[in-house]
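Trainee: I would like a close look at a single part of this model. Please pick one helix and take me through its surroundings.

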Amino acid sequence: ATGEAGAPVATRTVEVGAGDTLWGIASEVAEPGQVRDMVHQIQELNAMSGASLRVGQEIAVPVR
């Protein structure tokens, strides 16, 4: 960490539903071939230490 803010990212809020996975949510907004990078970006935006989600959880997802 540099102590400086990064570039702002436009986001929308997604409510996790039954059967949703982080990979699945990321694949809906990622460019082709960039799903893994989007998973990482979503984890960073939401200060997630892993890929676990729970039904009803609200997460910030980048807008494409």
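**Helix α2 and its surroundings**

Mentor: Read along the sequence, the pattern of the protein chain is β-α-α-β. That comes to two helices and two strands. This is a predicted model. The helix to look at is α2, residues 35-45.

Start with what α2 hides. Val35, Met38, Val39, Ile42 and Gln43 are buried. They sit on the same side of α2, because they cover an arc of only 140 degrees around the axis. The spacing has a general background. An α-helix has 3.6 residues a turn, so residues three or four places apart point the same way. Now turn the helix over. Arg36 and Glu44 lie on the other side of α2 and are exposed.

What does the buried side face? The buried residues of α2 pack against α1 (22-29) and β2 (58-62). Take these partners in turn.

Begin with α1. Leu22 is in this helix. It is buried, with a relative accessible area of 3%. Not counting residues up to four places away in sequence, Leu22 touches Val39, Ile42, Gln43, Met48, Gly50, Ala51 and Leu53. Of these, Val39, Ile42 and Gln43 are among the buried residues of α2.

The contact with Gln43 deserves a second look. Leu22 and Gln43 are 21 residues apart in sequence. In space, their C-alpha atoms are 8.7 Å apart. Gln43 lies in helix α2. Its relative accessible area is 17%, and it counts as buried because the cut-off is under 20%. Leaving out residues up to four places away in sequence, Gln43 touches Leu22, Met48, Gly50 and Ala51.

Ile25 shows another link to α2. Neighbours within four places in sequence aside, Ile25 is in contact with Val14, Val16, Asp20, Ile42, Leu53, Ile59 and Val61. Ile42 in that list belongs to the buried set of α2.

Next, the nonpolar core. The largest one has 14 residues. Ile25, Ala26, Met38, Ile42, Ile59 and Val61 touch the most other members. α1, α2 and β2 each supply at least two residues of this core. As a general background, nonpolar side chains tend to be buried together in soluble globular proteins.

Now the strand partner. Four of the five residues of β2 are buried, so β2 is largely enclosed by the rest of the structure. β2 also pairs with strand β1, residues 11-15. Five bridges join them, and the two strands run antiparallel. One bridge is easy to find: Arg12 has Val61 of β2 as its partner. Val61 is also one of the core residues with the most contacts to other members.

Follow the chain out of α2. Ala47 comes after the helix. It lies in the loop between α2 and β2. Its phi is near 50 degrees, a positive value in a residue other than glycine. The general background makes this worth checking. Most residues other than glycine have a negative phi. Ala47 counts as exposed, at 73% relative accessibility.

Gln57 is found in that loop between α2 and β2 too. Here the side chain is polar in name, yet the residue counts as buried, at 14% relative accessibility. Gln57 touches Val14, Glu15, Val16 and Ser52, residues up to four places away in sequence not counted.

On the other flank, Glu31 is found in the loop between α1 and α2. Glu31 counts as partly exposed, at 49% relative accessibility. From Glu31 to Gly50, the C-alpha distance is 22 Å. These two are 19 residues apart in sequence.

Finally, put α2 back into the whole chain. For 64 residues, a compact globule would have a radius of gyration near 11 Å; the protein chain has 12 Å, which agrees. The C-alpha trace spans about 35 × 25 × 20 Å along its principal axes. Buried residues make up 28% of the 64. Among contacts between residues at least 6 apart in sequence, 61% join residues at least 24 apart. The chain exposes about 4,600 Å², and carbon and sulfur atoms supply 48% of that.

So keep one picture of α2. Its buried residues pack against α1 and β2, while Arg36 and Glu44 are exposed on the other side.

How values were computed: Residues are numbered from 1 along each chain as its sequence is written. This is a predicted model: local features need pLDDT of at least 70, side-chain atom pairs count only at pLDDT 80 or more; totals for chains, interfaces and linings use all residues. Side-chain values use heavy atoms; hydrogens and water are left out. Buried means under 20% relative accessible area, exposed over 50%, partly exposed in between (1.4 Å probe, protein chains only). The arc is that of the directions from the helix axis to the C-beta atoms. Contact means heavy atoms within 4.5 Å. A nonpolar core is a set of buried Ala, Val, Leu, Ile, Met, Phe, Trp, Tyr and Cys residues joined through side-chain atoms within 4.5 Å. Two strands pair if DSSP finds at least two bridges between them. The radius of gyration is taken over C-alpha atoms; the globule rule is 2.2 Å times the number of residues to the power 0.38. Accessible areas come from the Shrake-Rupley method with a 1.4 Å probe; for residues, only the protein chains shown count as cover.
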